[in-house]
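Student: I'm new to reading protein structures, and I'd like a close look at one part. Could you walk me through the nonpolar interior and what surrounds it?

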Amino acid sequence: MSRIVGIDLGTTNSLVAYMEGEFPRVIPDAEGHVLLPSVVAFTADGILVGEAAKRQLVRNPTQTIYSVKRFMGKGYEDVKEERRYFPFQILADHEVVRIRVDEREVTPPEVSALILKALKERAATSLGEPVTKAVITVPAYFNDSQRQATKDAGRIAGLDVQRIVNEPTAASLAYGLHRLKQGIVAVYDLGGGTFDISILRVKDGIFEVLATNGNTHLGGDDFDRALVDWLLADIRAHHGAHLGQDLEAMQELRLGAEAAKCRLSFEDRTVFTIPFPQHGFTYRREIQRSDVEALIEPLVQHTLGPCRLALADAGLGAEQIDEVVLVGGSTRVPLVKRRVQELFGKPPHSQLNPDEVVALGAAVQADILAGGITNMLLLDVTPLSLGIETLGGVMSVLIPRNTTIPTSAKELFTTSVDGQTVVDMHVLQGERELAKDNRSLARFELRGIDPMPAGMPRIEVTFLIDANGILQVHAKELRTGKAASIEVRPSYGLTDGEVEQMIEESFVHAEEDIASRLLIETRNEADTVVRATERALGQGSGLIAEDEATRIQEALAALKAVSDGDDREAIREATERLNHATLHLAEVLMDSALKAALASKRVTEALEKTE
């Protein structure tokens, strides 16, 4: 089989990995970075993804989309309460979440597809061959709509999605190659926007998920949000400024809060400093780890309830867990580690990089599917119960949550009205008793039933869940043989037509998109060279001849004149000319720096001898 890569499509960062020999390896970009920020910016010059897009968060907040994973497979009603936390415009009156960028609307699968496409290109460049097949991970508690939206994103990106794998299960596969031999394992996965807990039994290379639980709307983003709200209140108290409506200031605060949270995972205190020149003050505050822990304690506690439920579903006590594995960047927070250890009564493992372990596991699953690894088997579960609506608006469950997949289930139903010839089948997902309280996945009709008294028809309903957790439903009236079936397209998913149109548009605009990206990269390189040259000229004043300084100034002016234009070749040539003109200056500065360092060393040695 052709190579299959593993992709962790994350809320904050995304990664791609593949099997190199016997072990998985995360693929870095040209600069050696393995994490691709899950950020997409729509600019006048084109679409940016990753680090370049992240730099647009402050200067272009309304057109820069982040944390899009929180919107996958959701409708407007699902997300309307948290719209206020995002600077970009989330449109009302749509079943599928749509985001306004300039004069167009985009859906979360389209935005995710741009991230997937960037990872696909990274993998193809690194491996030296086209990449068309992938295993993509999702939170274990993603419902059918969210899984389908992830598959749609893969299709739009030009990927044949071989398997959708639950993130904690993928992580256990990565650990399986390193150390897990057998026993009961709890995988605690706290990422940027989602939380999962999975309980697995590992024995003789078989990874069987016993139970899973979680919250698809809880993660590091919420930690950052709690800290931002606290900082906003402190700024109001000390400076009288209300920054909540200033989108740029809010992005500065959000990014600063995220950085402070990360520093406080390794330090006891940090100083938080952000200038707000537009408001006439610089905000400075010392933040202690205990301050942040007090803010996020309720959120961390919210993760422990699902852990207890998963243990109960698996029929286990915390003391029966042999190993606890931490996954996700947010598990670096010391408070999280302490609470997990208190719950399970043993220190959790985090030997593998928590940011990379899911992608590594996805690569393992990809290799299993490609026939490379033959001594490991993954048995996953469906996270939520599946059923149909029956008389009185009740949900009748056919497949209970935590059933091992792939699986199927059959049940007989009948009619409630004399002479009924059409039966409306309403497919549901959730844990509530009433249909109205669960998520509607799909509706379809079984037609052509012979008119019979109520209770006489025998309607056999079959649910089939594939290894991706995607559902198919079949209905058949056994007396007449009339049948109907549907591959469930969730109520909050995209239609096949919409997906095909997005794929077509990506091909139509591919050349234009590449040209835009290359122009942006060339401009960025020119900007870097300009800044470096100006700094070098300042440092090298008096170290080079006047005519050489004049030549450099002329080359610098020539680059500045074209750097904002659309002629990529002209910018590239002007950059090369400036680089060539500054070669001798760079040598002089290097020589000067070495002499200064040697002189400093001699002075230090002399002082030491004197003492």
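Tutor: Here is a walk through the interior, followed by one helix and one loop residue. This is a predicted model, in which local features need pLDDT of at least 70 and side-chain atom pairs count only at pLDDT 80 or more, while totals for chains, interfaces and linings use all residues. Residues are numbered from 1 along each chain as its sequence is written, and side-chain values use heavy atoms, with hydrogens and water left out.

Let's begin with the nonpolar cores. A nonpolar core is a set of buried Ala, Val, Leu, Ile, Met, Phe, Trp, Tyr and Cys residues joined through side-chain atoms within 4.5 Å. Buried means under 20% relative accessible area, exposed over 50%, and partly exposed in between, using a 1.4 Å probe and protein chains only. The largest core here has 51 residues, and Tyr188, Ile197, Ile199, Leu253, Phe276, Ile321 and Phe344 have the most contacts inside it. Helix α9 (residues 289–314) supplies the largest share of this core, 9 residues. Helices (H or I, at least four residues) and strands (E, at least two) are DSSP runs, numbered from the N terminus. A second, separate core has 49 residues, including Val39, Val106, Ala153 and Ile520. In soluble globular proteins, nonpolar side chains tend to be buried together.

Now zoom in on Ile199. Contact means heavy atoms within 4.5 Å. Leaving aside neighbours within four places in sequence, Ile199 is in contact with residues including Ile184, Val185, Leu210, Ala310, Leu311 and Ile321.

Next comes helix α11 (residues 357–369). Of its 13 residues, 12 are buried, so α11 is largely enclosed by the rest of the structure. Among them are Val357, Leu360, Val364, Gln365, Asp367 and Ile368. The expected span of a helix is 1.5 Å times one less than its number of residues. For α11 that gives 18 Å, and its end C-alpha atoms are 19 Å apart, which agrees. After α11 comes Gly371, whose phi is positive, near 90°.

Finally, look at Tyr141, which sits in the loop between β11 (133–138) and α5 (144–156). Tyr141 is buried, with a relative accessible area of 16%. Not counting residues up to four places away in sequence, Tyr141 touches several residues, including Gln146, Asp196, Asn213, Thr216, Pro383 and Leu384. The C-alpha atoms of Tyr141 and Gly329 are separated by 18 Å, and these two residues are 188 residues apart along the chain.
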